[in-house]
Amino acid sequence: MRKFTLLIAGCLLASTTFAGNPGYRQDTRFHKLTERRTLTHAEKPVNAISELTEHKAVVKKMAKVASTEAPTVITDAPEGVTKVYKKACAGYSPYYFWIMEYEEESLAAEIVFTSDNEVYFKDIISNAVADTYVKGTLAEGTITVPMGQCIFFSEEQGYGYKLVAMTEDIENSTFLTDDSKESVKFTIAENGVISMEEGALLGLAYTDDNSWGGYVDFYQTYTEFNVSPVTKPESLATEKWALTTSEGDGHFLKVGIDGSDLYIGGLSESMPDAWVKGSISGSEVTIDAKQYMGIYGGMFQYFMTCESFTDPENGTGYRLVNTPATFSYDAAAKTLTQTSNNILLVNAAEDRVYYLDMFKDVLIAYQDAYKPATPLNPHSLYTDGFNPGYGNGLFSFMLPKVGTDRSLLNTDAYYYNIYVDGWRFTFYPDEYEGLADMEIDELTNVPYNFTDYFDISVSGAEHQIYYYFEGFETLGVQGVYTIDGVTNRTDLVNYNVETGEETIINAASIDSVNAERKAVSVTYYDLTGRELANPSSGLVIKRTVYSDGTVRSVKSMIKQ
């Protein structure tokens, strides 16, 4: 039986895909403990994502079973002194259905010390985010943490996770529960650093069968963190401004001015109440790098700057420069236009690029409401084409949420169309099972933020779509934006699968009949030409008849 896993904080990287396996899919309908956005690496990291290991763990699939009596889970620590630590650790944790090795040096950890020498570690296993505690006792500089404490339990499923000591089973490439070890100790040094006992393996096992749950830490050290984040003066009034980038991403934030000090709140959408501070000198604003912003995703976040570089051996990457970000400031127009060449980061490490957000060529301008605008054209279209081995292809593109005037667009009033060889494409639930789950009969005008959690996804301005057909030359995208009753369209941008070239077709020249045509019938045939009444799975010929009389036949992959 395949069991669920907790949502991990340090390993799910928003822009990371499995190299060489575009057909690999994660069913995101599995249980998730906490909805937390996770960090993105500018380069393939050695600390959070390494090569796939050979270690094996049972990942149990959720299935309703008779509930057993729920063990105690500590969801709230008692009153005491709460200390924040910078945590260094290494171990293994699940990534989808793989087991990944990781190493971290700057996780944010919380420990509560009570007056009667009880100690409560929050989320003691580094990459298992449950927002729960385990209890230890403090005596003579040593914290003793008993094993067997449950950190999470699903009454519906009848099992959960418990804290255990482990041993490595090298022969079978896995870890086993060490029931002979009843506790794991942590020592507190004179400088306050807390360290897990040397040689201990601290992990999680399933409560029902004691098997390894995929999480284990090899070492843990905790160093007290006493840095305060940037804050604005309590009385400072702020206005609604918009941050946009030349690549077409953006969001609203807050700007306040106090004499020669300028405060920006919500530089990261994930941290709307986090602030950075700049200084005004005439028509220039300078924002110093390495400003501490607060904790997000279990990590300390800083405002930093970086630059891109190209290495003949390793290719293109990013490295920290930590030089100030400078802006041209127009007080009358209320605009901040970036003049420095560096890239702005909300970053989770002090010594390397490990970012939550990255912004290039930034404009920050006063905008208190959405307004009619023509969206910037889609760009960075790409597909490798249909892969018969995986039964699909992946089409990715950037759809800017920014107008040609650099105003921020309301993505709730924005949709896009996909074009195949110049014809507008409709998604049907026979190929896109996520639509079936959502009871959507067909989808042509795709809302900007729409995802079916399987084939159609969005992250910022980046969109990805899996397709299950071949026999075409171009894939294209056009955006349609309507605000205050005014509709504006991007040009249609096509990507040629064979040549990799992008071509632009002016929005006004697109055939309106084509734009509004509907599929009136769809029939399927096997590869010998026989009609299939109820195709179940495999490669078939899909024949679509449209309302304008045109007929289109493509090879299509029907999924089970």
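This passage walks through a run of paired strands, two unusual backbone angles and a set of salt bridges in a predicted model.

The strand pairing comes first. Strand S14, covering residues 239–245, runs antiparallel to strand S15, covering residues 250–258, and six bridges join the two. Within this pair, Thr 244 of S14 sits opposite Gly 250 of S15. The hairpin made by S14 and S15 has four residues between its strands, and Gly 248 there takes a positive phi near 105 degrees. S15 also has a partner in strand S16, residues 261–265: these two are antiparallel as well, with five bridges between them. Here Gly 256 of S15 faces Tyr 263 of S16. S15 and S16 make a hairpin too, with two residues between the strands, and the turn holds Gly 259 at a positive phi of about 65 degrees. S15 is thus paired with S14 and with S16, because two strands count as paired once at least two bridges are found between them.

Positive phi also turns up at residues that are not glycine. One of these is Glu 439, with a phi of about 60 degrees. Glu 439 belongs to the loop that runs from helix H1 (433–437) to strand S31 (446–447). Its relative accessibility is 72%, so Glu 439 counts as exposed. Asp 484 is another non-glycine residue with a positive phi, in this case about 55 degrees. The loop that holds Asp 484 connects strand S35 (474–483) with strand S36 (486–489). Asp 484 is likewise exposed, as its relative accessible area is 64%.

Turning to charged side chains, the whole structure contains 14 salt bridges. One of them brings Lys 86 and Glu 350 together, with an N to O distance of 2.6 Å. This pair links distant parts of the chain, 264 residues apart: Lys 86 is in strand S2 (residues 81–95), while Glu 350 is in the loop between strand S24 (343–347) and strand S25 (354–359). Glu 350 has a relative accessibility of 31% and so counts as partly exposed.

The S14–S15 hairpin comes back into the picture with the salt bridge between Glu 247 and Lys 360, at 3.9 Å from N to O. Glu 247 is in the loop between S14 and S15, and Lys 360 is in the loop between S25 and strand S26 (362–366), so this contact ties together parts that lie 113 residues apart in sequence. Both ends are partly exposed: Glu 247 has a relative accessible area of 37%, and Lys 360 comes in at 25%.

A further salt bridge forms between Asp 405 and Lys 371, whose closest N and O atoms are 3.6 Å apart. Because Asp 405 lies in the loop between strand S28 (393–398) and strand S29 (414–420), and Lys 371 in the loop between S26 and strand S27 (379–383), the pair ties together parts that are 34 residues apart in sequence. Asp 405 is partly exposed at 41% relative accessibility, and Lys 371 is partly exposed at 40%. Elsewhere, salt bridges with shared partners join Lys 86, Lys 290 and Glu 350 into one network.

Key:
Residues numbered from 1 in each chain as written. Predicted model: local features only at pLDDT ≥ 70, side-chain atom pairs only at ≥ 80, totals over all residues. Heavy atoms only, no water. Buried < 20%, exposed > 50% of the residue type's maximum accessible area, 1.4 Å probe, protein only. Salt bridge = Lys/Arg side-chain N within 4 Å of Asp/Glu carboxyl O.
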